[in-house]
Amino acid sequence: MKAITAGDFGSADNNDLMVLWTDGELTVYKDLGISGLGAQNQVLGPNALWRDHAKVISAGNFGGNTWPDDLMVRWSDGELTMYGDSSASQLGKEFVLVPPA
């Protein structure tokens with residue numbers, strides 16, 4: 001595991017866990033609860049871009065709706081990107097908030 005964050009990427013009003021794996025795969029476990037991890041959903045397959053350059057991920061409510069489904073990514077070149085309205089099956093629209101250094 002490379003990075004981890006919690007948000008609401010599913011259809012229910014529950015917490016979901018997003019994991020960035022060391023091979024660059026991005027996975028969401030839906031409906032995290034006291035009984036354990038929920039269903040696993042692959043958002044991105046293993047890839048070199050995320051493996052080598054994604055440094056920090058964080059989910060929150062940064063966009064226009066009222067739930068934390070926006071994913072922030074800090075990249076190795078200093079870029080800060082938001083993927084607004086992301087889900088358990090795909091990243092949302094990409095917004096570059098801070099361009100590369």
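Biologist: What percentage of the 101 residues in the chain is made up of buried residues?

Modeller: In this predicted model, buried residues make up 39% of the 101 residues in the chain.

Biologist: Why is Ser86 called buried?

Modeller: The relative accessible area of Ser86 is 3%, and buried means under 20%, so Ser86 is counted as buried. Ser86 has its place in the loop between β7 (80–84) and β8, and, leaving aside neighbours within four places in sequence, Ser86 is in contact with Phe9, Asp69, Leu71, Leu91 and Gly92.

Biologist: What makes the approach of the Ser86 side chain to the backbone nitrogen of Gly92 a polar contact?

Modeller: The side chain of Ser86 reaches the backbone nitrogen of Gly92 at 3.0 Å, and a polar contact is a pair of N or O atoms within 3.5 Å, one able to donate a hydrogen and the other to accept it, so this pair is counted as a polar contact.

Biologist: How do you know whether Ala59 is buried or exposed?

Modeller: Ala59 has a relative accessibility of 15%, and since the cut-off for buried is under 20%, Ala59 counts as buried. Ala59 lies in strand β5 (residues 54–60) and touches Thr5, Ala6, Gly7, Phe9 and Asp70, not counting residues up to four places away in sequence.

Biologist: Why is Leu97 called partly exposed?

Modeller: Leu97 has 42% relative accessibility, and partly exposed covers what is in between under 20% for buried and over 50% for exposed, so Leu97 counts as partly exposed.

Biologist: Where is Leu97 found, and what makes the nonpolar surface patch?

Modeller: Leu97 is found in strand β8 (residues 93–98), and the patch, of about 220 Å², is made by Phe95, Leu97 and Val98. Patches take residues with over 30% relative accessible area, so the 42% of Leu97 meets that cut-off.

Biologist: Turning to the whole chain, what does the secondary structure come to, and how do you know that the chain is as compact as a globular protein of that length?

Modeller: The secondary structure comes to one helix and eight strands, which follow the pattern β-β-β-β-α-β-β-β-β when read along the sequence. The radius of gyration of the chain is 13 Å, close to the 13 Å that the globule rule gives for 101 residues, so the chain is as compact as a globular protein of that length. Taken along the principal axes, the C-alpha atoms fill a box of roughly 40 × 30 × 20 Å.

Note on methods. Residues numbered from 1 in each chain as written. Predicted model: local features only at pLDDT ≥ 70, side-chain atom pairs only at ≥ 80, totals over all residues. Heavy atoms only, no water. Patch = residues over 30% accessible without salt bridge, like charges linked within 9 Å, V, L, I, M, F, W, Y side chains within 5 Å. Areas by Shrake-Rupley, 256 points an atom, 1.4 Å probe, with all protein chains shown as cover. Salt bridge = Lys/Arg side-chain N within 4 Å of Asp/Glu carboxyl O. Helix = DSSP H or I, 4+ residues; strand = E, 2+ residues; numbered from the N terminus. Buried < 20%, exposed > 50% of the residue type's maximum accessible area, 1.4 Å probe, protein only. Rg over C-alpha atoms; globule rule 2.2 N^0.38 Å. Contact = heavy atoms within 4.5 Å.
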